[in-house]
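User: I'm new to reading protein models, and I keep tripping over the vocabulary. Can we go through this one, with the reasons behind each label?

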Amino acid sequence: MALSKNVQSWGRYPQVASARVVPVYWRHEVPDLASFEAPVLPYAYGRSYGDSCLNEGGVVLDVSHLRRLLAFDEREGLLRCEAGVSLAEILAVMVPRGWFLPVTPGTKYVSVGGAIANDIHGKNHHRAGTFGCHVTCFELLRSSGERLLCSPTENSELFRATIGGLGLTGVILWAEFRLKPIANPLIDMERIRFASLEEFIQLSEQSDRDYEYTVSWVDCLIGGKEACRGIFMRGNHAAETVWTGRQRGQLPLSVPFDLPSLALNTLTVKTFNALYYRSQLRHAVRRLVHYDPFFYPLDSIKDWNRLYGRRGFLQYQCVVPFADGREAVRELLERIRRSGQGSFLTVLKQFGDRPSPGLLSFPRPGLTLALDFAYRGRETLRLLDELDAIVRQSGGAVYPAKDARMSAQSFQAYFPRWQEFARYKDPQFSSSFWRRVTGASSGEPTRTCHAERSEASLVTRASEPQP
Ligand SMILES: Cc1cc2nc3c(=O)[nH]c(=O)nc-3n(C[C@H](O)[C@H](O)[C@H](O)COP(=O)(O)OP(=O)(O)OC[C@H]3O[C@@H](n4cnc5c(N)ncnc54)[C@H](O)[C@@H]3O)c2cc1C
């Protein structure tokens, strides 16, 4: 079976072959999903790292062409658009009009459908919660042919299953969500060096009160007294008076070929980390920056995933509850440092306590740590299993959007509501991730309850305004 050329995830691990890729151009002309011989999975920009956007042997529905803006209610800040519209496109149109995304991840090249299906989070999680908290409604196409309007009050269970539902409940055709008003494209940001986990937690606690956005970079290869040194970044949207029009976004550089995987070895990462930490000579730096470098520093290097070479890499993001959080983070960092498998970019943040709306949403109150690992075969997988054991013991979870290898046992411990979720899964839909973590085979979809169909109302009221 030929490997479908463009269907891969951002980590480029695992590489799997789907049976075919079916593009969808018009939301009223989606092929009959029930007619496919193999399970179906929507796919947008493949910015998920592992296999939750992959469907080995199955049908991949390329929904990235559904990219029309449909309506904007300026009074309420409500934007309605097709699900393949990217956050980059929304920013390009809406920032000059004084509006910003309610929640954004570390890249703007993700689709609205992907943002809902993974219920993504950003640097403002402590204030705003997840993307799903700002979604007012969407239209979901099921393999039965039904087009369901889902909102907190209509088909509400399917609404909660689809937010964070990993693309398994149907195709989101369009969605409506709330933007936030801004005065200009600038962020008033501050960077502060810290030398320990205690200092990080203190900074987070102070900053989460006064700053909308907080996140920190951590040097994960240093041990001893300085273990967990790093740079804390915090910021707010700037006030109207400071916009001079001079601050601009950035043009992307690109990595036009795969680097040998040795290019990012422990030594290069250690050197980068030390240089980066020391590059900030002063304890704290305050500056006005364009939103682009503040939110999307990695987008300035196009195809940066090729830095990890052909074998690809794995991203690992976990959250550990506050109760055991410090100890768990210390143990995770110590285990990673001892393994010598350095992470180029390690990010640490406190999640807030705004509940995530999805049945399978990942964010929950606690400390979240995200790291990249070049894929070195069994030794990498063994290390990540060890990290899983620490996370499980602390009562935390690992993010499915960034996973390519967690065991079924781990998934089911992290997401105890997965069986409740499975009742809303579309019987024709599946993914490589879902089969791995539930043991469902690709030929036999997991058993689902169709109860929701009877209570669900068909979208008959031409609910979408015309573009
Ligand atoms: C550099 C980088 C930084 C990132 N930072 C963050 C971060 O800070 N926070 C965070 O939460 N995530 C982060 N991510 C992960 C990323 O935000 C998510 O994986 C996102 O869902 C990817 O969206 P996509 O459009 O590329 O979707 P894909 O990766 O193509 O698909 C993701 C999921 O959405 C489903 N899907 C896509 N479209 C539809 C649709 N129309 N209907 C139903 N299901 C659909 C797919 O089936 C799949 O399960 C980051 C990723 C990268 C590469």
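**Reasons behind the labels**

Analyst: Let's start with one contact in this predicted model: the backbone oxygen of Gly-309 lies 3.2 Å from a polar atom of the Arg-12 side chain.

User: What makes that a polar contact?

Analyst: The cut-off for a pair of N or O atoms is 3.5 Å. The Gly-309 oxygen and the Arg-12 polar atom are 3.2 Å apart, so the pair is within that limit.

User: Why is Arg-12 called buried?

Analyst: Buried means under 20% relative accessible area. Arg-12 has 11%, so it falls on the buried side.

User: Where does Arg-12 sit along the chain?

Analyst: Arg-12 is in the segment before β1, the strand at 20-23. Arg-12 also has a phi near 55 degrees, a positive value in a residue other than glycine. Pro-14 is in the segment before β1 too.

User: How do you know that the peptide bond between Tyr-13 and Pro-14 is cis?

Analyst: Look at omega: for the bond joining Tyr-13 and Pro-14 it is about 0 degrees, and the bond is cis.

User: Which label fits Leu-166, buried or exposed, and why?

Analyst: Leu-166 has 7% relative accessibility, and the buried cut-off is under 20%, so Leu-166 counts as buried. You'll find Leu-166 in the loop between α4 (156-162) and β9. Leu-166 isn't a glycine, yet its phi is positive, about 60 degrees.

User: Now the helices. Why are α5 and α8 called oblique to each other?

Analyst: Their axes cross at roughly 135 degrees and come within 11 Å. Now set the angle against the cut-offs: over 145 would be roughly antiparallel, and 65 to 115 would be roughly perpendicular. An angle of roughly 135 degrees fits neither range, so α5 and α8 are oblique. As for handedness, α5 passes α8 in a right-handed crossing.

User: Which residues make the contact between α5 and α8?

Analyst: On α5 they are Leu-197, Glu-198 and Ile-201, and on α8 they are Arg-326, Val-329 and Arg-330.

User: What makes β4 and β8 edge strands?

Analyst: Picture an open sheet of 5 strands in the order β4-β5-β9-β7-β8, with antiparallel pairing. β4 (69-73) and β8 (147-150) each pair on one side only, and that is what puts them at the edges. From one strand to the next, the twist averages 10 degrees.

User: How do you know that β5 and β9 are paired?

Analyst: Two strands pair if there are at least two bridges between them. There are 5 bridges joining β5 (residues 78-82) to β9 (residues 171-178), so they pass, and they run antiparallel. For a spot to look at, find Glu-82, which stands opposite Trp-174 in β9.

User: What makes β11 mostly covered?

Analyst: Strand β11 spans residues 186-194, and 7 of its 9 residues are buried.

User: Which strands are joined to β11 by bridges, and how many bridges are there?

Analyst: β11 is joined to β15 (residues 284-290) by 7 bridges and to β13 (residues 230-237) by 8 bridges. At least two are needed for a pair, so both count. Both pairings are antiparallel. Ile-187 stands opposite Val-289 in β15, while Glu-190 stands opposite Arg-234 in β13.

User: How many helices and strands does the protein have?

Analyst: It has 13 helices and 20 strands. Of its 467 residues, 59% are buried.

Notes
Residues are numbered from 1 along each chain as its sequence is written. This is a predicted model: local features need pLDDT of at least 70, side-chain atom pairs count only at pLDDT 80 or more; totals for chains, interfaces and linings use all residues. Side-chain values use heavy atoms; hydrogens and water are left out. Helices (H or I, at least four residues) and strands (E, at least two) are DSSP runs, numbered from the N terminus. Axes are lines fitted to C-alpha atoms, for helices over the stretch in contact, and angles run from 0 to 180 degrees between N-to-C directions. Buried means under 20% relative accessible area, exposed over 50%, partly exposed in between (1.4 Å probe, protein chains only). A polar contact is a pair of N or O atoms within 3.5 Å; within protein, one must be able to donate a hydrogen and the other to accept it, and residues adjacent in sequence count only if both atoms are side-chain atoms. Angles under 35 degrees count as roughly parallel, over 145 as roughly antiparallel, 65 to 115 as roughly perpendicular and the rest as oblique. A crossing is left-handed if the near helix is turned anticlockwise from the far one by less than a right angle, and right-handed if clockwise. Contact means heavy atoms within 4.5 Å.
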